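Trainee: I'm new to this structure and a bit lost. Could you pick one sheet, take me through it closely, and then show me what else is worth finding?

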Amino acid sequence: MTDAYLGRIGKLIRDARQHRGWTQSQLADALGTSQSAVNRIERGNQNISLDMIARIGEALDSEIVSLGYAGPMHLRVVGGRRLSGAIDVKTSKNACVALLCATLLNAGRTTLRRVARIEEVYRILEVLGSIGVRHRWINDGNDLEIVPPAELDLAAMDLEAARRTRSVIMFLGPLLHRMDLFKIPYAGGCDLGTRTVQPHLTALRHFGLEITATDGMYHAQVDRSVAPVRAIVLTERGDTVTENALLAAARHDGVTVIRNASSNYMVQDLCFFLEELGVRVEGVGTTTLTVHGVATIDRDVDYAPSEDPVEAMSLLAAAVVTESELTIRRVPIEFMEIELAVLEEMGLDHERSAEYRADNGRTRLLDLTVRPSKLRAPIDKIHPMPFPGLNIDNVPFFAAIAASAQGQTLIHDWVYDNRAIYLTDLNRLGADVKLLDPHRVLVEGPTRWRSAEMMCPPALRPAVVVLLAMMAAEGTSVLRNVYVINRGYEDLAERLNSVGAQIETFRDI
C-alpha cells in the first residue's frame, strides 16, 4: 500500500476507535498486539495486511474495509440547499422488528404490510431464516409474508446476524413456549453504553424462564410448572421489556397483568397485532396491560404497522435546520404531541391537516407542513419521559434544532449512558455544543454550519442528526460508514433527495 493509502486507513481506524470510546491500549489488547503498534497503524507509519484490517474492523464493529463484497457505504452531502414539496413517513422500524419476533408465536402465515426495508429488519430476517422460518417479499417488495416451520432449528441460528441487532432479545418471550432448553447470543445494536437485560429476565422468570449467561450466549431453561400467580411489575418501563412480557403472556393460557408497562407506539402496534392473533389485550395505551393469552395460535393474519414518529421527527428537524417549507405526510401525531408543543413554544411556524387513521385502523395520523421559523431556545430543558412524554429517541434531534435557535438550550438525555456524548460531533460542523456530563449537553445557537468530513457516530439518532447538520452546511461534507443509519431508515438519502437535498452514496475500493 502507498503511504497516502496507509494514512487514510489509519485515520479511519483512529476515528472508529474513538467513536467506540476505546484507547489505543484497549484496541491493542483486543488484537493481541502492542499500543505502540496501534499508534503506528493510526499514523500510517506501519504496513498493514488486509487480514489485520478485517480483524480491526471486527474488534471495533466497524466496516473499515470489507473483504469479498462491497466496502462500507459513505454519504457525500452538498449542503445549503432548501427542501420543498412533500414526503411520506415510513412504517415504524421498532414496530416492525417486534412484529417479526411475534411471528414466532404463530403457526400460521403472517403477512405484514409496508415493512421497513432496513438493515435491522434484514438482520432479524436472516436470523429467522437460519432457524427455518420462510419469508418472501410480495407486492413489488412492499409487503412481507412469513411462514414458520413445524419445528425451529435453533442450532443453525446465524449468530453473526443475531449479534448485530439488539432485537434478538425479543426471541426469549416466544421461544419459551416452544422449547424447554435453548440459547441465543448476547444482543448488539447501537453503541449506547451499558444496557442491562436484567429487567427482561426478571419479567420472564414469572413464566419459568431462567437464564445463565456464559461465553457470549444466554442459555435458557424453562420450568413448565411456573406460571404468573400475581401481576408482573416491570422494574423498568422499557419498550422491549414490555414487548417481551407481552410475547410471553400471549401464549400463556390464562390472564397476565403487566404493570409499569410502556405504552409507546411500538408496544401499541404489537398489542394490535396480538389481537389479530386472537389474544385479547386490555389497557392498550396505559401502563397496565391485561393479557388474555391462548395456548395455541394458528392463524393466517394480515397486519399493517403504523408510521414511525421518530422518522417523522427526523424529517421535521431536516426542514428546521435547512430553513425549508416541507410537508411531512402520515405523521403519527399522538406520539409527537409533546414535541410539537415544545417546538410551538420555540416559535415553530407549522400547519396541521385534519386527522385520519393509519392502515392498522387505530393510530391517528395527520399531515404536517413546517415553514422557515425564527426559533428561540426553550425556557425549560429538553428531556425525555416515557409516553406520553417527549420520546426518548427524539431527544437528539433537538440538538440540531436548538443549534438553529437563538439562545442556550439544555438537553438532558438521562436514559442512555453515553448517547449525549455523540451530540458533540456537531461541533465539527460549526455548532457550539458543550458536554456537561455523559448525560447533559448545553447547545448555544444560532449556528453558522460549516462542511466537514467525519466518521458516522455509532448510535442511530445522533448519526442522522449529523447528516441533517451537513445538509444545512454550505459546501460539501462527507459522512463515512453509514451502516448505522441504514439500520433504522429506508433509503433516507434518496428520499431526502426527492425533496431537494443533494446526497450521494459512494464506497471506497
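**A sheet, strand by strand**

Mentor: Let's start with one pair of residues: Arg76 has Val478, in β22, as its bridge partner. Keep in mind as you look around that this is a predicted model. The two strands behind that pair are β1, residues 73-79, and β22, residues 475-480; they run antiparallel and are joined by five bridges. As a rule, strands of a sheet pair through backbone hydrogen bonds, either parallel or antiparallel.

Now zoom out a little. β1 and β22 belong to an open sheet of four strands, and its order is β21-β22-β1-β23, with mixed pairing. At the edges you'll find β21 (453-455) and β23 (503-507), each pairing on one side only. Going from one strand to the next, the twist averages 20°.

There's another sheet to set beside it. This one is also open, with three strands in the order β18-β20-β19 and antiparallel pairing. Its edges are β18 (407-412) and β19 (432-437); each has a single partner strand, so one side of each is left without a neighbour in the sheet. Ignoring direction, neighbouring strands here are turned by 20° against each other on average. Six bridges hold the antiparallel pairing of β18 with β20, residues 440-445, and Thr409 stands opposite Val443 in β20. Helix α14 (residues 395-403) packs on this sheet, where it touches β18 and β20, and its direction makes about 25° with that of β20.

For a simpler bit of strand pairing, go to β4 (residues 134-138) and β5 (residues 143-147), which pair in the antiparallel sense over five bridges. One of the matched pairs is His135 with Ile146 in β5. β4 and β5 form a hairpin, with four residues between them, and Asn139 in the turn has a positive phi of about 55°.

What about helices against helices? Try α5 (residues 93-102) and α6 (residues 119-130): they pack at an angle of about 5°, and their axes are 10 Å apart. With that angle, α5 counts as roughly parallel to α6. From α5, the residues in the contact are Lys93, Cys96, Val97 and Leu100, and they meet Glu120, Val121, Ile124, Leu125 and Leu128 of α6. Sorted by class, this contact has seven nonpolar residues, two charged ones and no polar ones.

One strand residue also deserves a stop. Val257 is in strand β10, residues 255-259. Leaving aside neighbours within four places in sequence, Val257 is in contact with Ala231, Ile232, Thr288, Leu289 and Thr290. Val257 and Val229 are 28 residues apart in sequence, and their C-alpha atoms are 9.7 Å apart in space.

Last, the empty spaces. Searching the whole structure turns up four cavities of 30 Å³ or more, and the largest cavity has a volume of about 60 Å³. Among the residues lining that largest cavity are Ser92, Phe272, Glu307, Pro332 and Thr363. Helix α11, residues 265-276, gives the most to the lining, with four residues. By class, that lining has five nonpolar, four polar and two charged residues.

How values were computed
Residues numbered from 1 in each chain as written. Predicted model: local features only at pLDDT ≥ 70, side-chain atom pairs only at ≥ 80, totals over all residues. Heavy atoms only, no water. Pairing = 2+ DSSP bridges. Axes fitted to C-alpha atoms, helices over the stretch in contact; angles between N-to-C directions. Parallel < 35°, antiparallel > 145°, perpendicular 65-115°, else oblique. Contact = heavy atoms within 4.5 Å. Nonpolar A, V, L, I, M, F, W, Y, C, P; charged D, E, K, R; others polar. 1 Å grid on protein atoms, 1.4 Å probe; cavity = no way out; pocket = protein on both sides within 12 Å on 5 of 7 lines; lining within 4 Å. Points joined across faces, edges and corners; volume = space filled by probe spheres on them.
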